[in-house]
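Student: I have a structure open here and would like to go through it with you, piece by piece. Can we start with single residues and then move on to the interior?

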Amino acid sequence: MRYRARPLAIVTALGLAGCTTVGPDYQSPGLDPAIAANWIEPGDPGPVDTAWWARFDDPVLSSLIERLLTDSPDIAEASARLRQARANRDAVFGRALPQVDLTASATENRISEKGQLPLSNIPGYSPEFSLFDIGFDANWEIDFWGRQIRSRQAAEARLESAIEARRDVIVQLIGELARAYVDLRQAQAEARVARGAAGAAAELERLTRLRYEAGESSRIEVTEATTNARVQREAIFRREASARSAAYRIATIIGIAPESILPDLVVDAPIPRAPDTILVGLRSDLLARRPDVRRAERDLAAHVADIGVATADLYPRFSVLGGLGFQSQSFDDLASGKTLRFSIGPSFSWPVFSGGRIRAQIRAAGAEADTAAARFERSVAEALSETEDAINGFQAAGRRLQAAREAAAAAETTFRLAESRYRAGEDDRLALERQRLQFLETVRLVALSEADRASSAATLYKALGGAWIGLDEAELGDPHYEAEAPSE
């Protein structure tokens, strides 16, 4: 009895003594690597507004984003991938525990009378018999080399990567939806201006034709006026088509049938007003808000853990096997003590020769980790460059809008003067309509600049990356993961 128990005691003692974790230990590059502390572009380092779409003070935009967060199939797909990653993590965690199987069988058997045992020569022995068996089989692999530890590290990191992937989808979709909405309102604003310009151009054409018939203008002037009137009418159709195209794009981003939102969107509404200032936070906090960077860092951690999993295949595996049950040729005898069977003891396996397969897998895992490290570095560089460019774009759009408003104010002054001169009989109607066209062109430029600034604001908020904060608590109900919102 002592001899049979000795192998189990040795293996159990080794298991309790601890294990050696092979493979490299992950050293996180962190989400605040050695980068310059201050923005290159001038910006206000106040706390970043995560629910930034509310600052546009546009109820329609806010309602569209709310619908996006509940109805988007892209977010639903990312959520499904998150649940898949969580289930895979749980499966890996489960493999580290002892595996117990319940088994049962009932078979009819016959042993050859001419086989290795001469059964035909044994008096009273029947080669045919029934066999009933029921019991439990158990297997527990002792993690000497840290295979299970590395597997759990990789699975946990991939779960966290799936979380960041879902957050990135949220950030990207909200930004794209806001920009598509701005495009819609810009096209509607341009269409309104185009209708006014088309009216003025039509009046110019009529007056020019009357002057031609009276011999006061040339055929060329009539042709120019007719061409301009047709161009202005064409602009109406083009802008109206652009508005509907933007509405369809909004439906696509949300992932719903266009007829469910088109009636609300085709109603003219002003371009959403971008906030006067956007707080960009501290440069060192940017990477902690960017889910694409956070995801790249978690992918790197997973691939580093994979190296340890592959390395563990070089070493022997130790397991404890056990079985307990009842076996009898009669079903009625299964409950008796004489039918008890059991087995327990260690198991050992070691891949002595694998044709270089294991070391090749280790090299492949190392190459995957190097690839993930390069992706992380690229994501950091892209995040910094995109945000600096977005800050510059927002500020430049503000300057262009100010210049456009000044030009429109000057053009309006000139137009009002032309109206006064027309009423006083100092100028004819032709001069008034020409001034009207020039004024409407500056109004169009203001609309373009307002839309450009609103779009650049959405681009900057998207680059800052914090829109996911506060939007995914219900999806992340997982005791193994706690989201760390950046502190400002």
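Student: Where is the place of Asp57, going by the helices around it?
Tutor: Asp57 sits in the loop between α1 (2-16) and α2. Please keep in mind throughout that this is a predicted model.

Student: And is Asp57 buried or exposed?
Tutor: Asp57 is exposed, because its relative accessible area is 69%. Its backbone deserves a look as well, since Asp57 has a positive phi of about 55 degrees although it is not a glycine.

Student: You said predicted, so what pLDDT does the protein average?
Tutor: The average pLDDT is 85, and 90% of the residues score at least 70.

Student: Where does pLDDT stay under 50?
Tutor: One such stretch is residues 1-18, for which the model has eleven contacts beyond four places in sequence. Another is residues 477-488, where pLDDT also stays under 50 and the model has 26 contacts beyond four places in sequence. Where pLDDT is low, the predicted coordinates should not be read in detail.

Student: OK, switching to Arg341, where is that one found?
Tutor: Arg341 belongs to strand β4, which covers residues 340-349. It counts as partly exposed because its relative accessibility is 23%, and the partly exposed class begins where buried ends, at 20%.

Student: What is Arg341 in contact with, leaving aside its neighbours within four places in sequence?
Tutor: Its partners include Thr103, then Asp133, Ile134, Gly135 and Asp137, and also a run made up of Gly323, Leu324, Gly325, Phe326 and Gln327. As for Ser328, it is 13 residues from Arg341 in sequence, and the two C-alpha atoms are 9.9 Å apart in space.

Student: Then Phe353, is it buried or exposed?
Tutor: Phe353 counts as exposed, because its relative accessibility is 74%. It is found in the loop between β4 and α9, and from C-alpha to C-alpha it is 9.8 Å from Leu314, a residue 39 places away in sequence.

Student: Now the interior, please. How many residues has the largest nonpolar core?
Tutor: The largest nonpolar core has 59 residues, and those with the most contacts inside it are Trp52 and Ile250. Several helices each supply at least two residues of this core, among them α2 (59-71), α4 (147-213), α5 (219-254), α9 (357-423) and α10 (429-464). The one that gives the most is α4, with twelve residues.

Student: Which residues does Ile250 touch, not counting those up to four places away in sequence?
Tutor: Ile250 touches Leu64, Leu177, Ala180, Tyr181, Leu184, Ile261 and Leu265. There is also a second, separate core of nine residues, which includes Ile307, Ala310, Ile358 and Ala369.

Student: And Ala251, buried or exposed?
Tutor: Ala251 counts as buried, because its relative accessibility is 2%. It is found in helix α5, and, leaving aside neighbours within four places in sequence, Ala251 is in contact with Ile256, Pro258 and Ile261. Ala411, by contrast, lies 160 residues from Ala251 in sequence and 38 Å from it in space, C-alpha to C-alpha.

Student: What about empty space, how many cavities of 30 Å³ or more are there?
Tutor: The count comes to one cavity of 30 Å³ or more, and the largest cavity holds about 60 Å³ of space. Its lining is formed by Glu141, Ile142, Asp143, Phe144, Trp145, Arg147, Ala312, Pro316, Arg317 and Phe318. The elements that give two or more residues to this lining are β2 (128-142) and β3 (317-328).

Student: How do the residues of that lining divide by type?
Tutor: The lining of the largest cavity divides into six nonpolar, no polar and four charged residues.

Student: And how much space lies in the largest pocket?
Tutor: About 360 Å³ of space lies in the largest pocket. It is lined by 22 residues, of which Arg81, Ala85, Arg158, Ser161 and Ala162 lie nearest its centre.

Student: Last one, which element gives the most to the lining of that largest pocket?
Tutor: That is α3, with ten residues, while α3 (73-95), α4 and α8 each supply at least two. By type, the lining of the largest pocket divides into ten nonpolar, four polar and eight charged residues.

Definitions and conventions
Residues numbered from 1 in each chain as written. Predicted model: local features only at pLDDT ≥ 70, side-chain atom pairs only at ≥ 80, totals over all residues. Heavy atoms only, no water. Helix = DSSP H or I, 4+ residues; strand = E, 2+ residues; numbered from the N terminus. Buried < 20%, exposed > 50% of the residue type's maximum accessible area, 1.4 Å probe, protein only. Contact = heavy atoms within 4.5 Å. pLDDT = per-residue confidence, 0-100. 1 Å grid on protein atoms, 1.4 Å probe; cavity = no way out; pocket = protein on both sides within 12 Å on 5 of 7 lines; lining within 4 Å. Points joined across faces, edges and corners; volume = space filled by probe spheres on them. Nonpolar A, V, L, I, M, F, W, Y, C, P; charged D, E, K, R; others polar. Core = buried A, V, L, I, M, F, W, Y, C linked by side-chain atoms within 4.5 Å.
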